[in-house]
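Got the viewer open? Let's take a walk through this one, selecting a piece at a time and looking at what turns up.

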Amino acid sequence: MKPADPDVSPALECRRLTKTYEGGRVVLDALDFALGAGEFVAVMGDSGVGKSTLLNLIAGLDHADGGEVLIDGSVISSLPDDAATRLRRQKLGFVFQAFHVLPHLTLFQNVAVPLLLNGASPDAAHAMLAAVGLAGRDGDMPRQLSGGELQRVAIARALVHRPRLLLADEPTGNLDPQTAHEVLGLLRAETQSTGAATVMVTHSEAAAAFADRVVILSDGALHAATLQR
Ligand code: ADP
Ligand code: MG
């Protein structure tokens with residue numbers, strides 16, 4: 001890996017990020033984390049330990065009780081709501097385990113959504129669909145697709161606007177091992193080609209092996225891990 005460029009802000013920083021659910025259960029306990037531009041990290045950890053909570057806080061889908069999230073050097077919580085929303089739209093992509101492809105839109109329309117939300121031309125959605133192996137399928141409806149194909153559409157949608165940061169929560173959790181391997185290879189290649197830094201939550205060591213580094217969430221904090229390859 002190239003050494004970090006000191007002039008480029010990290011794609012993501014979490015500073016003393018804290019989340020407590022009702023009943024006083026501390027899920028994230030002053031968690032610190034930084035992700036360099038273009039870096040790909042896998043987050044592992046036991047079920048219920050707080051991995052989805054962490055991604056949701058980074059994405060602004062949930063609110064922290066303390067600490068800060070910086071995306072591309074901006075402290076999200078210090079921005080007015082509309083500016084925070086705009087920054088997330090531009091800088092973030094999210095891939096979910098259950099695909100979340102919109103059933104009543106064509107593949108092209110699904111992938112074009114982030115472009116339209118950012119006031120950009122939808123044209124780039126054609127090339128992005130081709131990049132994930134779905135050339136010529138622009139007018140197809142999601143119901144015609146397999147799980148692996150649906151996740152390719154979700155990856156295309158998450159990267160089409162060239163975000164600095166991609167968040168993926170168990171992206172291959174609903175796929176068989178062979179399809180998972182193909183989708184991860186594609187995810188890795190497309191994040192490299194668009195330059196997106198990636199945080200991928202996964203249970204699978206085979207999936208984690210696609211990452212530059214692996215961290216484990218336990219006791220509310222992230223710890224470096226070494227993987228057997
Ligand atoms: P993981 O993704 O690592 O499996 P989660 O982040 O989904 O874990 O959940 C972490 C813990 O927080 C779990 O014990 C879960 O039951 C609890 N939890 C998640 N969301 C909520 C919520 N909205 N309210 C209360 N507890 C929650
Ligand atoms: Mg989860």
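Start by picking leucine 70: its bridge partner is valine 75, in S5. Keep in mind as you go that this is a predicted model.

**The four-stranded sheet**

Now widen the selection to the strands on either side of that bridge. S4 covers residues 66-71, and it pairs with S5 in the antiparallel sense over 2 bridges. Add S1 and S2 and you have an open sheet of 4 strands, ordered S2-S1-S4-S5, with antiparallel pairing. Look at the edges next: S2 and S5 (74-75) each have a single partner strand, so one side of each is left without a neighbour in the sheet.

Slide over to S1 and S2, which are joined by 7 bridges in the antiparallel sense. Click lysine 19 and look straight across to find leucine 28 in S2. If you're colouring side chains here, remember that in a regular strand they alternate between the two faces of the sheet. Then follow the chain round the hairpin of S1 and S2, where 3 residues sit between the strands. Stop at glycine 23, which takes a positive phi near 95°.

**Over to the ligand**

Select ligand 1 and show what surrounds it: Tyr21, Arg25, Val27, Asp46, Ser47, Gly48, Val49, Gly50, Lys51, Ser52 and Thr53. Coloured by class, that shell splits into 3 nonpolar, 5 polar and 3 charged residues. Which elements each supply at least two of the shell residues? Strand S2 (25-35) and helix H1 (51-59) do. H1 gives the largest share, 3 residues.

Turn on distances and try these three:

- Arginine 25: an N or O atom of its side chain is 3.0 Å from an oxygen atom of ligand 1.
- Lysine 51: here go to the backbone, where an N or O atom lies 2.8 Å from a ligand 1 oxygen.
- Threonine 53: back to a side chain, with an N or O atom 2.6 Å from an oxygen atom of ligand 1.

Put a surface on the ligand while you're here. On its own, ligand 1 has 560 Å² of accessible area, and the protein covers 55% of that.

**H1 and its two sheets**

Stay with H1 and show the strands it lies across. On the sheet you've already seen, these are S1 (12-21), S2 and S4, with H1 running at about 120° to S1. H1 also lies across S3, S6, S7 (165-169), S8 (197-201), S9 and S10, and runs at about 150° to S7.

**The six-stranded sheet**

Select those six strands together. They make an open sheet with mixed pairing, in the order S6-S7-S8-S3-S9-S10. At its edges stand S6 (92-95) and S10, each with a single partner strand, so one side of each has no neighbour in the sheet. Neighbouring strands of this sheet are turned by 25° against each other on average, ignoring direction.

For a parallel pair, pick S3 (residues 40-44) and S9, joined by 4 bridges. Valine 41 is a good marker, standing opposite arginine 213 in S9.

Then step to S9 (residues 213-218) and S10 (residues 221-225), which pair in the antiparallel sense over 5 bridges. Serine 218 has alanine 221, in S10, as its bridge partner. The hairpin of these two strands leaves 2 residues between them, and in its turn aspartate 219 has a positive phi of about 50°.

**Last stop**

Finish with helix H2, residues 81-91. H2 lies across S6 and S7, running at about 65° to S6.

How values were computed
Residues numbered from 1 in each chain as written. Chains lettered and ligands numbered in written order. Predicted model: local features only at pLDDT ≥ 70, side-chain atom pairs only at ≥ 80, totals over all residues. Heavy atoms only, no water. Near = heavy atom within 4 Å. Polar contact = N/O pair within 3.5 Å; in protein donor to acceptor, adjacent residues only side chain to side chain. Areas by Shrake-Rupley, 256 points an atom, 1.4 Å probe, with all protein chains shown as cover. Nonpolar A, V, L, I, M, F, W, Y, C, P; charged D, E, K, R; others polar. Pairing = 2+ DSSP bridges. Contact = heavy atoms within 4.5 Å. Axes fitted to C-alpha atoms, helices over the stretch in contact; angles between N-to-C directions.
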